[in-house]
Number of protein chains: 2
Amino acid sequence: MGRLTLGNINPHVVEAKYAVRGELAVKSEVYRAKLRKGDKDLPFKEVISANIGNPQQLDQKPITFFRQVLSILENPKLLEHEDVLLSTLGYKTDVIARAKWLLSHVGSVGAYSASAGIPAIKESIAKFLEERDGFPADPSHIYLSGGASSGVNTLLHILCASPTSGILIPIPQYPLYTASLSVLNATSVPYYLDEASNWGTSLDTIKEAYNTAKDNGTDVRAIVIINPGNPTGASLSEAEIRSVLEFAAQEKLVVMADEVYQTNVFVGKFHSFRQVLLRLQQEDPAKFGDVELASLHSISKGMVGECGHRGGYFELLGFDKEVEEQIYKFVSITLCAPVIGQCLVELMVNPPRPGDPSHELYEREYGAIFRGLRERATALYEAFKEMEGVECGEPQGSMYLFPSIRLPAGALEAAARDGRSPDEFYCMRLLEATGVCLVPGSGFGQKEGTLHFRTTFLAPGTEWVGRIKKFHKEFMDEFR
Amino acid sequence: MGRLTLGNINPHVVEAKYAVRGELAVKSEVYRAKLRKGDKDLPFKEVISANIGNPQQLDQKPITFFRQVLSILENPKLLEHEDVLLSTLGYKTDVIARAKWLLSHVGSVGAYSASAGIPAIKESIAKFLEERDGFPADPSHIYLSGGASSGVNTLLHILCASPTSGILIPIPQYPLYTASLSVLNATSVPYYLDEASNWGTSLDTIKEAYNTAKDNGTDVRAIVIINPGNPTGASLSEAEIRSVLEFAAQEKLVVMADEVYQTNVFVGKFHSFRQVLLRLQQEDPAKFGDVELASLHSISKGMVGECGHRGGYFELLGFDKEVEEQIYKFVSITLCAPVIGQCLVELMVNPPRPGDPSHELYEREYGAIFRGLRERATALYEAFKEMEGVECGEPQGSMYLFPSIRLPAGALEAAARDGRSPDEFYCMRLLEATGVCLVPGSGFGQKEGTLHFRTTFLAPGTEWVGRIKKFHKEFMDEFR
């Protein structure tokens, strides 16, 4: 063949769209590098990466207990000096005990683990699920993964059998889903979330999307729910979850519950799909007994925020044994999830308990992060309320706000001349003027005729929010 | 649709074969769990996992310098006690300096990095490549990955455009390649390595495989070379590499050089594809100027042996800019390689130098691991020489021996009755009798009518080798 070109490589990779780290993100990194080299020509002094849910890149500090344990796992020779760790370096006895426990089950963190993850950590996850949901869990159906993304990749690889295999995807969505389905040459079946009810799930809309897809010959196999939502922050009620599970049971759809934001909830309460399904199975075993549910969780978000360590897991309920064997084989081809990330999963699901020496500090750190996120979300929300043409629901959870914007006709025309969608045009101009990097709503999908952007509320301070407000006013004045 | 079954999930995943962690490996883990619970009924007291190149699961100790640096990256608060680290805990000043340097470039190891990896680490890799090969490297064509496996996955995703896209794969091979191509629904084009010349590469064989595939309508796009070889240990001569590159230039094939065993060389010298290509480009720019080469490396093997940390990189030469943009997008969908693994790549390519405080210990540890591997390989080789029907080339490198075995007709018949290939039957019986887990040659591919097994030489001691010898004699006696 000739050289590789855009025209002859895998067309499904070329078709995939992933705006979270797209042109805007690349440009923001160029600016950051310029500033680091002392550039004085840019109209801002720092880049604010509000495009990625990357807590520790911004202001979130790692939890001390977690990192003390990890430091011992990386250098077990520190255990030859327990007295120094305790007396001088601020380690507590439960840190040392947990590190020893992990080392006894993991061996070296530099060794591959079993493909589906370290057995003792799978047992800890099972205990966590039981405590959270009130129903026991079986470790043999738990798979450690390199972040939830890697778990999603595994599950979609299994689910998608041909180009007509379809997966119901919420819109707006985290674009991992549509990008992965593009790469797999399978079909995204979008269903819109309801902005008017704070981005809730409407069963009528789901049914309509499902029926239209079926009529078009799509073999719809699964429904993805992101709860709490990304980019929306919405946290589903138990009633909403029940109705999704009813529908899945009726149509024999696999349910993929992406629950990575389960601790990032400001309004209401997190209900896991697992708990609701197991309740429904008690109420009506005949109807719900064989629903297939994959629930995903991660160390990347929440107060843990350890995304650079790439850890997570998924748990399967109701899957066929032979299908699970194929899942095992698939994950074994990539050997195992990062072992230090697996250890962080252990620490996340089994943190210091009341009475443990590290508990007080853990609680203090955890609570401060939670409150900080809520305060920042509120500050941002208040700012958006004052911006012309911007509408934003009250912050509910996750790490994002997803306001809608109405732009003047002049801006829409200027965007068209620039070959960009209006929201992308707006975000590009914002980045160029302020160094603040957002993701345009088109990167997540939005209803025809509406415009949005997603911002994280992870960056410290309010100065950057002021920059957005000032830019917005000037932008509106320019194009009004 | 109905429930997920083996019959309706992705058939390309079902077709994929990955024996390294297949039935034998699963059974060995069951035995290990039994022994841990105190089982006395098995005819052995420990399981020897000689099936996986997993150094630190067995006897290899991590390099002290590496792990001391990582312990600080995980818990930067240790830097508040530099005096204690230096005076009491055995850290040297270069450990602290490197940790500070990394923290200044990485920020928190709990944050996502740039998708293609941390810029400062890409610069260190470029310097390493320049030192190793005598030609400068451009960091912008370097991509950090979660082990070499993840890099292979990325590259094959780009290369395979349709079911007729073909990739030349050496046989025997590490089954990641054929498994990934199965999942991608693309075509493996096997070319046999020459056992008679110690598993060298024969250009005639490659050409024949290429022409046959072309005649059958396969669009052959790339050639994979594993050098030093897995499972063979063979280390290619410069002349062999030149001839492969000549062929690739002539047929416009992308060259994928899997060089993860580059420091595991006992006989001869490692020659990188990159160095040989750049030399050829000096000699004949018109012919070699636009050869596309992807070279892969990893922290998993060699004296580093940190496979649990999932780190590695690939470097691209001669790739089209638009194609690289697609590679960037693809890796960005999975966000970034584990950051601690990226830091280990930095330490691997930029270890303590002569005169540095940690250098002496580093050299001592590194040398002891290297010599230990060579001694174990030799002990195993000597044992194989004494075993009836077993033939094994002199150990050359990597972490494996791949002897051929001739089994009596009775064993072939018993295997057929058992529904297994004869080498699989042999390895299963060996595992059941001794607890030693090998991988049958059929897991890597082998010439019709030949039988092999692969064993790592990572396990300590010679007692387990004695167990293999004893089993082998009894097996031969049983079926003779």
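Trainee: How many salt bridges does the rule find across the interface of chain A and chain B?

Mentor: In this predicted model, the rule finds two salt bridges across the interface of chain A and chain B. In one of them, the side chains of R67(A) and E74(B) meet, with 3.6 Å from N to O. Polar contacts are also found across this interface, in 44 residue pairs whose members both have pLDDT 80 or more.

Trainee: Which helix of chain A gives the most to the side that touches chain B?

Mentor: Helix 13 of chain A does, with eight residues. By class, the side of chain A that touches chain B has 44 nonpolar, 29 polar and 19 charged residues.

Trainee: How should I read the size of an interface, and what area do chain A and chain B bury between them?

Mentor: The size of an interface is often given as the accessible area lost when the parts come together. Here chain A and chain B bury about 7500 Å² between them, with 57% of that area on carbon and sulfur atoms, and 92 residues of chain A are in contact with 92 residues of chain B.

Trainee: What turn and what shift lay chain A on chain B?

Mentor: In general, two copies of a chain are related by a rotation about an axis and a shift along it. In this case, a turn of 180 degrees with a shift of 0.0 Å along the axis lays chain A on chain B with an RMSD of 0.0 Å, which is the relation of a two-fold axis. The same surface serves both copies, since 100% of the contact residues of chain A recur in chain B.

Trainee: Which residue of chain A comes closest to the rotation axis?

Mentor: Of the residues of chain A, that is S71(A), whose C-alpha lies at 2.1 Å from the rotation axis.

How values were computed:
Residues are numbered from 1 along each chain as its sequence is written. Chains are lettered from A and ligands numbered from 1 in the order in which they are written. This is a predicted model: local features need pLDDT of at least 70, side-chain atom pairs count only at pLDDT 80 or more; totals for chains, interfaces and linings use all residues. Side-chain values use heavy atoms; hydrogens and water are left out. Contact means heavy atoms within 4.5 Å. Buried area is the accessible area (1.4 Å probe) that two parts lose on being put together, summed over both. A salt bridge is a side-chain nitrogen of Lys or Arg within 4 Å of a carboxyl oxygen of Asp or Glu. A polar contact is a pair of N or O atoms within 3.5 Å; within protein, one must be able to donate a hydrogen and the other to accept it, and residues adjacent in sequence count only if both atoms are side-chain atoms. Helices (H or I, at least four residues) and strands (E, at least two) are DSSP runs, numbered from the N terminus. Ala, Val, Leu, Ile, Met, Phe, Trp, Tyr, Cys and Pro count as nonpolar, Asp, Glu, Lys and Arg as charged, and the others, Gly among them, as polar. Copies are superposed by least squares on the C-alpha atoms of residues with pLDDT of at least 70 in both.
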